[in-house]
Amino acid sequence: MRLLIIGGTEFVGRAVAEEALRRGHEVTTFNRGVTAPDVPGVRPVRGDRAQDADLDRLRGQEWDVVVDTCGYVPEVVGRAARLLAGSSGRYVFVSSVSACVAWPKERITDDTPRYDCPADARADAGEYGYLKAGCERAVEEAFGDRALVVRPGLILGPYENVGRLPWWLRRVARGGQVLAPGDPDTRMQLIDARDLAAWMLDAAERGLGGVFHATGGNTTMGRWLAACVEVTGADAELVWVPDRFLLDHQVRPWTELPLWRPDLPEYAGAWEVETARVEAAGLRTRPVRDTVRDTWEWLRGGGEPVIHDYAQLPEHGIDPGKEQRILAAWRSRGAA
């Protein structure tokens, strides 16, 4: 196939580029060339998707498939989609389960409605999930049934551009008592960026369209943190502290202890995304230990997360002093 990747230099986009080249596809990337280098073997076209003059560099070229891994603003995504609709066979858009109104409060099914964000909304129209829903509409309006909308859950793996798993690996590698959040038996849904990339290319090659929730159901909080201890070889002890104790000590879910969702009503559906449809369409996910291992090898080889600023995310990870104070308080409670 002739493949155009909007983005293509980091995390999911990089995984798509590498997998497409491995399959023998002809790959063009369109990006600004400032975040990370392109994968060797692609044909880069430099440009900012938010600038019409830059988008014009794509005019008149034909692709079998466009894969958009970095669309966050509906109005911007729509302009690119309309430009490419007449010269491209299919448009694969990487959205998010955040586009669903009920997430993370309720279980997500194929029938869960998305936010009612218009296809021409600007960046200041709402938050991340709301805007992602508008991006989906923009792509669907331009490509109709030739649009494939993919809603991943939590994505991990080498080249991660948020820093969740890298923070945990580095924290565990320091050793000592490690503050482990909540219940180790909490079931989680994670997907490796490489598995997501492989399935999207499979789906594009087969001509699939529609909306798919793409995540896995392959681990628990305890298993993947134990994998961090194993692959780093660290002298680390996981100390499991209940949700309520952490909340009482003002620990922020999801950011201070990445991937931690406490057992509260507002997070009841965080790891409850129905995946039967995407599994029936061929999605397969590797063991989470492999993802942890490969991410650690990437970090050990000099890898460094390229942190996005699109959602104004706070820095991930708890302050070491705060972690030690909480551990001391937990030990004191046990002694008492």
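Q: What's the relative accessible area of Tyr159?
A: Tyr159 comes out at 32%, so it's partly exposed (buried is under 20% relative accessible area, exposed over 50%, partly exposed in between, with a 1.4 Å probe and protein chains only). Bear in mind this is a predicted model: local features need pLDDT of at least 70 and side-chain atom pairs pLDDT 80 or more, while totals for chains, interfaces and linings use all residues. Residues are numbered from 1 along each chain as its sequence is written, and side-chain values use heavy atoms, leaving out hydrogens and water.

Q: Which charged end sits over the ring of Tyr159?
A: That of Arg14, 4.5 Å from the ring centre. The test is NZ of Lys or CZ of Arg within 6 Å of the ring centre and within 35 degrees of the ring normal. Arg277 lies over the face of Phe212 in a similar arrangement, 3.9 Å from the ring centre.

Q: How many aromatic pairs does the structure hold?
A: Nine. Rings of Phe, Tyr and Trp (its six-membered ring) pair if their centres lie within 6.5 Å; planes under 30 degrees apart are stacked, over 60 edge-to-face, and the rest tilted. One of the nine is Tyr159 with Trp298, a tilted pair with centres 5.3 Å apart and 40° between the planes.

Q: Where do Tyr159 and Trp298 sit along the chain?
A: Tyr159 is in the loop between E7 and H5, and Trp298 is in helix H10, 139 residues away, so the pair links distant parts of the chain. Helices (H or I, at least four residues) and strands (E, at least two) are DSSP runs numbered from the N terminus. Trp298 counts as buried, at 13% relative accessibility.

Q: And why is the Trp254 and Trp271 pair called tilted?
A: Because the planes of Trp254 and Trp271 are at 45°, with the ring centres 5.9 Å apart. Trp254 lies in strand E14 (253–254) and Trp271 in the loop between E15 (257–258) and H9 (276–280), so parts 17 residues apart in sequence get tied together. Trp254 is buried at 14%, and Trp271 is buried at 9%.

Q: Back to H10: which of its residues are buried?
A: Val288, Thr291, Val292, Asp294, Thr295, Trp296, Trp298 and Leu299. They pack against several elements, including E7, H5, helix H6 (193–206) and H7.

Q: There's an Asp in that list; what is Asp294 in contact with?
A: Leaving aside neighbours within four places in sequence, Asp294 contacts Pro158, Arg194 and Arg286, where contact means heavy atoms within 4.5 Å. Asp294 counts as buried at 18% relative accessibility.

Q: What span should H10 have?
A: Its 13 residues should span 18 Å, and the end C-alpha atoms are 18 Å apart, which agrees. The expected span is 1.5 Å times one less than the number of residues. Just after H10, Gly302 takes a positive phi of about 105°.

Q: New topic: which residues touch the most other members of the largest nonpolar core?
A: Trp224, Cys228 and Leu257, out of 41 residues. Such a core is a set of buried Ala, Val, Leu, Ile, Met, Phe, Trp, Tyr and Cys residues joined through side-chain atoms within 4.5 Å. H7 gives the largest share, seven residues.

Q: What does Trp224 touch?
A: Not counting residues up to four places away in sequence, its contacts include Leu165, Trp168, Met188, Pro258 and Val292. There's also a second, separate core of 33 residues, with Phe11 and Val39 among them.
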